[in-house]
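Got your viewer open and ready to click? Let's take a walk through this model one selection at a time.

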Amino acid sequence: MANKFRYPTGVRPLLVEEAARRKQIEARFAGRLESDGFDEVFLPIIDYVEPYVQLHRGDASKQSYRFIDREGELVAIRSDFTPMVARALAPAIAEGDLPLRIFYRGDVIRVEATRLGANREMFQIGAEIIGDPTVQADVDVLRLAADLARAAGATPVIVYNDASIANTLGDDARQALVSKRIARDGSLPELAVRILDGTATLNDVREFAPLAADRLDAIAQGAGSECLLQLDDVDAAAGYYTGIHFRVYDADTRKRIAEGGRYDDLYARFGTAAAAIGFTFTIE
Amino acid sequence: MANKFRYPTGVRPLLVEEAARRKQIEARFAGRLESDGFDEVFLPIIDYVEPYVQLHRGDASKQSYRFIDREGELVAIRSDFTPMVARALAPAIAEGDLPLRIFYRGDVIRVEATRLGANREMFQIGAEIIGDPTVQADVDVLRLAADLARAAGATPVIVYNDASIANTLGDDARQALVSKRIARDGSLPELAVRILDGTATLNDVREFAPLAADRLDAIAQGAGSECLLQLDDVDAAAGYYTGIHFRVYDADTRKRIAEGGRYDDLYARFGTAAAAIGFTFTIE
Amino acid sequence: MANKFRYPTGVRPLLVEEAARRKQIEARFAGRLESDGFDEVFLPIIDYVEPYVQLHRGDASKQSYRFIDREGELVAIRSDFTPMVARALAPAIAEGDLPLRIFYRGDVIRVEATRLGANREMFQIGAEIIGDPTVQADVDVLRLAADLARAAGATPVIVYNDASIANTLGDDARQALVSKRIARDGSLPELAVRILDGTATLNDVREFAPLAADRLDAIAQGAGSECLLQLDDVDAAAGYYTGIHFRVYDADTRKRIAEGGRYDDLYARFGTAAAAIGFTFTIE
Amino acid sequence: MANKFRYPTGVRPLLVEEAARRKQIEARFAGRLESDGFDEVFLPIIDYVEPYVQLHRGDASKQSYRFIDREGELVAIRSDFTPMVARALAPAIAEGDLPLRIFYRGDVIRVEATRLGANREMFQIGAEIIGDPTVQADVDVLRLAADLARAAGATPVIVYNDASIANTLGDDARQALVSKRIARDGSLPELAVRILDGTATLNDVREFAPLAADRLDAIAQGAGSECLLQLDDVDAAAGYYTGIHFRVYDADTRKRIAEGGRYDDLYARFGTAAAAIGFTFTIE
Amino acid sequence: MMRIAIPKGRLLEKSLATFAAAGYDVPDETDLATRKLVFNRGGVEWIFVKDCDVPVYVEHGAADAGIAGLDQILEHDCTAYQPVEFDFGRCKMMLIAAPGAPPLTKVATKYPRIARQYLDGRSIRADIVPLGGSVELAAVLNLTSHVIDLVETGETVRVHKLEIQDVVAEISPRLIIGRGVYRTETKRIRDLISRIEEAKNASLQIQLP
Amino acid sequence: MMRIAIPKGRLLEKSLATFAAAGYDVPDETDLATRKLVFNRGGVEWIFVKDCDVPVYVEHGAADAGIAGLDQILEHDCTAYQPVEFDFGRCKMMLIAAPGAPPLTKVATKYPRIARQYLDGRSIRADIVPLGGSVELAAVLNLTSHVIDLVETGETVRVHKLEIQDVVAEISPRLIIGRGVYRTETKRIRDLISRIEEAKNASLQIQLP
Amino acid sequence: MMRIAIPKGRLLEKSLATFAAAGYDVPDETDLATRKLVFNRGGVEWIFVKDCDVPVYVEHGAADAGIAGLDQILEHDCTAYQPVEFDFGRCKMMLIAAPGAPPLTKVATKYPRIARQYLDGRSIRADIVPLGGSVELAAVLNLTSHVIDLVETGETVRVHKLEIQDVVAEISPRLIIGRGVYRTETKRIRDLISRIEEAKNASLQIQLP
Amino acid sequence: MMRIAIPKGRLLEKSLATFAAAGYDVPDETDLATRKLVFNRGGVEWIFVKDCDVPVYVEHGAADAGIAGLDQILEHDCTAYQPVEFDFGRCKMMLIAAPGAPPLTKVATKYPRIARQYLDGRSIRADIVPLGGSVELAAVLNLTSHVIDLVETGETVRVHKLEIQDVVAEISPRLIIGRGVYRTETKRIRDLISRIEEAKNASLQIQLP
């Protein structure tokens, strides 16, 4: 090991001052969430890999510490909260309880040989509303995310889109939107080109994805001015998002500080069908 | 895996009610410690095994989840706090800061195939005073432990002894005291026999271990009535305790709820010599 | 660890006499295979788990030692040869080379807490013909397996069936054949009942699975008298066998000593379509 | 994983031609060893780490694949044969059997991020004489190593020294000899300077290490002309060698192809005191 | 010669009666009165072992066939074939507790493997305390809040003033056949099975009217 | 009130006699003739459980003290204190095989944990076949070549025409005391121990001529 | 103010020409003749860094945009957006060896990550020897049998009497944009992209006869 | 014939001068003016490679000896022998930052391995950003707060208005010899070493008075 001061990748102790700072941030987030009627749940720091296998995008599973336990099962140290919440809550949800407002917090540890540096321990705090499929829930969650970002001292810019739109455009168009490099030779749908150029409107989208377009329209009316619809904010893989998908940036540092969205199919995978929307803040 | 509801050995989620209960307990402990001037530190959930190798008693290391990280190092999930506190703080201690009053909390995860059942996740909260070698520190820590036990709803019985005494009696006597089965054929020191029978006094001990006897005398004068000196409370291996070693039981359930003591050599192993005394409560 | 003589589950050294005995067995097998025109390949003792994920039946993967390597990949110590041969050879096969006659040998290590004991290290030696889809290849392989069993001092009984038949009967019938407990209330196909009772003929089978029936007919004409068609020899899951599937028993000990069959789709999974048939002897 | 053709670091399959080539080399080595009265033993591909902990030089243990088994023990895939032979044979040695002539072969797998490339699978074949402490055994082993090197097509240069000499010179001199950079300011023993300059004779050494000098003298008289005494061939750590320590180079490629020496204390660590000398060839 | 394992416990009489009805020459009462455990009768070696050991003998090939309860088959994770299920000796594996017991966190049982599967299947995190006998007593004496045990008549449960909370498994005795012998002695084994099956059906028809 | 666990098996009478000699009011024969397993006498709750369950009750704190053989203490890896070792009921855990048995590769036993430690300690790689009873029969019927079992008189070994190959462990009964109660009720527990120790020494002197 | 990273190497002139054609006020020759590496012109901070460092600055958000070859983008696993691909400065990453070279087991390169992916993709098990320059020399001096390097004209390959064995990748320069700035300064970034795209198309039309 | 690797960069002249002083026939200025990188002179094949590649050639046995800075030796974890340390070309690896920089959490460098060891040795948890050149610029442009780089005169540090915070390592050029050639060509190598050592000492004496 050579060095007696080192800690494993992704973790380190927080001594008195840093711990106090962390506690202050936690208190600010937790206080706001509790006063909004969110109840906290505690999630385990390790869990089996298998229940989440179909949810992982690409090589995400390699980002976490993984090992084989005494029973021969593959276990990972927590590196993402949202699916864990669903797995923990789904068996316990009774229909009468819905909607539920839940929040959670804790360290996530990533081991990935990240590109260009960045190997720090991370603390996450997140919230979700389970069992409320309405536009109002979408809007509430956007507002809550903005408020929390402000409470943390950031100037939030929330970029949102609907994760279902990219599915209607085909794989080539999705890839083009992901890389932002569009072949302008007519081989791609015109809508994709216009989305990338920033000239597409929700009316253009409506033809291909009427439900998503209407939903985004309704969200736009309720969302605060820090929220920007960006139709070209598309991921390489769908992940578990089924509707709105958003990222919160801090305009001052241009860094992403939170991510969230609607994942109405996730709870069903763990045994209890329930709409859900939530977000997670990541604090380094 | 066969079962989609299972969690790995030693962990499980705490849903709303349980999480609230846990938070209440935490708040009670943390509140008391903070008001007594203890500052919190946050310790990583994983750490290398190597720095602790010489501290482990017997097969203790096998009780924890261990795995090889991407750099080939052996890493363990946290299963004991005290040495981690020393490793984290030792490099940061400046002499002028002493004495320090520190507390910490968090989950510990044990994987051991425990005897006769008992495979639950555990939460620990502990405190220590660093840099104060006085009897008064011993007494203060005993009182604090008793108060915290009461705050947690228990009726504390604190059994204490001095870890250095057993070293003076020889291995055979130690083994006899550990198993409580003494050969009454004269092969063992008379003091060992009297200790086991409960007839030994500190004056008897003084002959063999004068410093420990005087110290225990002084502690006995300061300690509350819930504290019982039990000279036969001896462990198979010395561990890192150098002076008083105590265990807190709940008289109602007869279960052990906390353990602590003085470990004046521990910080030196991690680079900064400093006396230290502390304890850890374990909450299942 | 407690004991300095122990070796990890599934392995132990072979000292002079045992090593000599093993070498003699190896030489007998290898000599026969080489004289029949089989060429040896050497397969790695560890390999990634992922390429084989879809081939494993049930919890088979938990039978092997598995761990995460320095790159975060899940790696297993060899516990089954056949798919490894396909993965190793598939990229190297040129069509003109076919048919290939290949053999391999080596230790396989299983870690499973096997039922009722049986945790020994195992040595396997196997052979396969790649690129020959004919009945003659089936018959040749059966004869070779019988000869090798005899060379190893056993009295072979080879039980064979066609793995594709069970697929035509439906899941309920398969389950009944696996457990050998048939509901005689008309809820299952009559053929399944007759198969279990041992009264079914290939003509009965022909109706449901004409190709398999014809194939088995042809095999029966070529196979030696130690080969017994047993239509009720059905596995819970199909595994990778696509045609004949056989097991070699030693009539003296009633123990299974080899298993094999035709897996015409296996090579295609690793990039090169090629029919293949083979078997593996397991020596404890 | 991204790539379906990759194998884990340190392993790959050997297809027909390569396997044949490997077998030919094996046969040449094994044939020569058997005709010289060496008996083969088979060693397990995995073993516990703990029995070898005190034998490893520096970070050697990190060179091997290591993992935690189902019982919580640290296990490594074989990366060095010599100590394994001792652990396997020591409990089985009866005094009357000595001297024993043993050989072994097999893959060793290293995972290390080696310096400047070099991450290949390796095959090792080695031999040792147990229970013969004589100079004649040293000379026989040197001759055998040279013969085997020639049989493998190499032009052997065998560089030898006595591992015990460096111990007599002090740590500073050892370090200087390891790096080949000597402070010529009188701070180091003159012998060390002369050793590095190549002007030291065995008479110079005799003053400090009379036994080693006499032994080397005797060896020099018996050893073949391919053997060169190089007193400056010193390792940073002693390892388990107690007497002669040699390396076989191929003069054509200047690569090291084998290493060996006398380790008279090694068997005692595993329970049976016995002198031993041996070597291991490494074939990439 | 075939070796058949007969359970010495509660299934003893019916097991022997079934083989007798199938035309086998089984040991008689005089035999059983001796302390002997092995008898040769009619070309069969009959061995009498504890109920829980029948699956062990068959699994290891030390007996060719036997009669064993599903409780023991499951508890030993026995892979033998189970071609015939009997109608006698049926009972239930039950979850039992005192009235008003707290939530299940510790359960005593003679069947730790079955208990583990039951708990896992319901996502209950509880410790299992394996006992050798008098399992219901554990709940009475507060060793554990719950027990999992076989219930035939329910008398033991009532006596201890406990109550049944759940059915863990339906238990029936089965004819079990080793896998190796089934494959290498197919003819003789199929004959055994069909004779036992007929005997079972005959007894079934007798009971019916 | 103190709860003491008495083993129902071969140690029953001597165990009760010891407590009686120590001045305790123990259940009498009339009590034992009932099917009851729990009795209150002289401020002590006496519970009668299977030999193998005594360490379980004490370990879990469901009994304060008990008498258990070292075989059961070891097999359950019981951490209770063992302050008194008795002279009655001593026997040996033995490795047994048929004359001329092959090297040990498979051993049947009721004590798999003890067997595992024995084998590991001798570097013997063998499978352990756990059985519930009639362990010697396993060697007779070739389920396994060897068995590990408790031997008192050696009669069973002789009857089965087996022979003893090695002593696995010396077994004696012990008074066991739970760790929690020892610490929190120190005074009462020390009184119990010294009374039992005196009773043991008294009986020792009686036996000496 | 926007910060744009310009590669100091072979792409320097064309990169500046492109920005100039897009109407940006770029540093001129006089500027470049100084040793300065940072210039403010027309509301843009132009920074001049080594070719291989452009992706680093953009990835870390220390530059908003830049021009980088695909070789450097891939080698740094850079996740920045690549909205425009240029037609100038194209070349190929090649596998090169001496005529009659043995099978590839060791390859020297300035691009170890790209080389690793190439080898893995072809299932070639070979060591990679990272070098800082004069890569072709490695094959001449037998440090390695093969090298992987960028080939523009092929002159270096010819001079060293080597030959091309395979194309590893087609390399083109791209405009790259950081992910954070793209999202938070969408409008300004889209304007930059469309101006560059137009300039590129204009130059394309000029080249076409 | 022996092959010796000469670094093309800042150590070039002194390296050649040393070999010349030791009596070797080294390539002259006319040679160096060509684009050639390989020369045969006096029975030695002289190869001219980038500073950072000297340890690579020697480690792999593609050169028998060479001259390399300790920075490159450490950065490549080179195991070659280093029998002679030179007095010319010494400099320091420094930790550099802008005045008033925040605590070190991100550091740019051309020496990521050396930087990692430095940080680990001081228990500093910081990201390392590997760059190819103009490392000091990274601190100016706020890519990172700190940089680790070689400092000879300190001019670059001053120009960028940065300041030195710590010495990471003392750097000197060394004669390096491959391990294999040292063992198999001992005589010739020892001759080389003593000639270089003498030349060094001679130059030392000249400088002294």
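Start by selecting chain B and chain F of this predicted model. Where they meet, 14 residues come from chain B and 17 residues from chain F. Now colour the strands of chain B: β7 (156-162) and β10 (255-262) are the elements that give two or more residues to the side touching chain F. What kinds of residues, by class, make up that side of chain B? You'll find 5 nonpolar, 3 polar and 6 charged ones.

Next, keep chain F on screen and add chain A. These two do not touch, and their nearest C-alpha atoms sit 18 Å apart. Swap chain A for chain G and look again: chain F and chain G don't touch either, with 39 Å between their nearest C-alpha atoms.

Now for a pair that does meet. Select chains A and B together. Here 41 residues of chain A are in contact with 41 residues of chain B. To see where chain A's side comes from, highlight α1 (16-35), β1 (39-40), β2 (46-48), β4 (74-77) and α2 (82-89) of chain A, each of which supplies at least two residues. Which of them gives the largest share? That's α1(A), with 4 residues. Colour this side of chain A by class and you get 28 nonpolar residues, 1 polar and 12 charged.

Stay with these two chains and try superposing them. A turn of 180 degrees, with a shift of 0.0 Å along the axis, lays chain A on chain B with an RMSD of 0.1 Å. So the two copies are related as by a two-fold rotation axis. Want a landmark for that axis? Click on F67(A): its C-alpha is the one in chain A nearest the axis, at 3.1 Å. Both copies use the same surface, too, as 100% of the contact residues of chain A recur in chain B.

Hide chain B and zoom in on two helices of chain A. Select α1(A) along with α3 (residues 135-151); their axes come within 10 Å and cross at roughly 150 degrees. That angle is why α1(A) counts as roughly antiparallel to α3(A). The crossing is right-handed. Show the side chains where the helices meet: R28(A), F29(A) and R32(A) belong to α1(A), while D147(A), L148(A) and A151(A) belong to α3(A). By class, this contact has 3 nonpolar and 3 charged residues, and no polar ones.

While you're in chain A, jump to T253(A). You'll spot T253(A) in the loop between β9 (244-250) and β10 (255-262). How many other C-beta atoms lie within 10 Å of T253(A)? There are 13, so this residue is partly exposed. Now add T155(A) to the selection. T253(A) and T155(A) are 98 residues apart along the chain, yet their C-alpha atoms are separated by 9.0 Å.

Last stop: show chain E on its own. Turn on the cartoon view and you can pick out 9 helices and 11 strands. Rotate chain E to view its spread: along the principal axes, its C-alpha atoms fill a box of roughly 55 × 40 × 35 Å. Chain E has 209 residues, and buried ones make up 46% of them. Finally, look at contacts in chain E between residues at least 6 apart in sequence: 67% of these join residues at least 24 apart.

Technical notes:
Residues are numbered from 1 along each chain as its sequence is written. Chains are lettered from A and ligands numbered from 1 in the order in which they are written. This is a predicted model: local features need pLDDT of at least 70, side-chain atom pairs count only at pLDDT 80 or more; totals for chains, interfaces and linings use all residues. Two residues are in contact if their C-beta atoms, placed from the backbone, lie within 7 Å. Ala, Val, Leu, Ile, Met, Phe, Trp, Tyr, Cys and Pro count as nonpolar, Asp, Glu, Lys and Arg as charged, and the others, Gly among them, as polar. A residue is buried if 20 or more other C-beta atoms lie within 10 Å of its own, exposed if 12 or fewer, and partly exposed in between; C-beta atoms are placed from the backbone. Copies are superposed by least squares on the C-alpha atoms of residues with pLDDT of at least 70 in both. Axes are lines fitted to C-alpha atoms, for helices over the stretch in contact, and angles run from 0 to 180 degrees between N-to-C directions. Angles under 35 degrees count as roughly parallel, over 145 as roughly antiparallel, 65 to 115 as roughly perpendicular and the rest as oblique. A crossing is left-handed if the near helix is turned anticlockwise from the far one by less than a right angle, and right-handed if clockwise.
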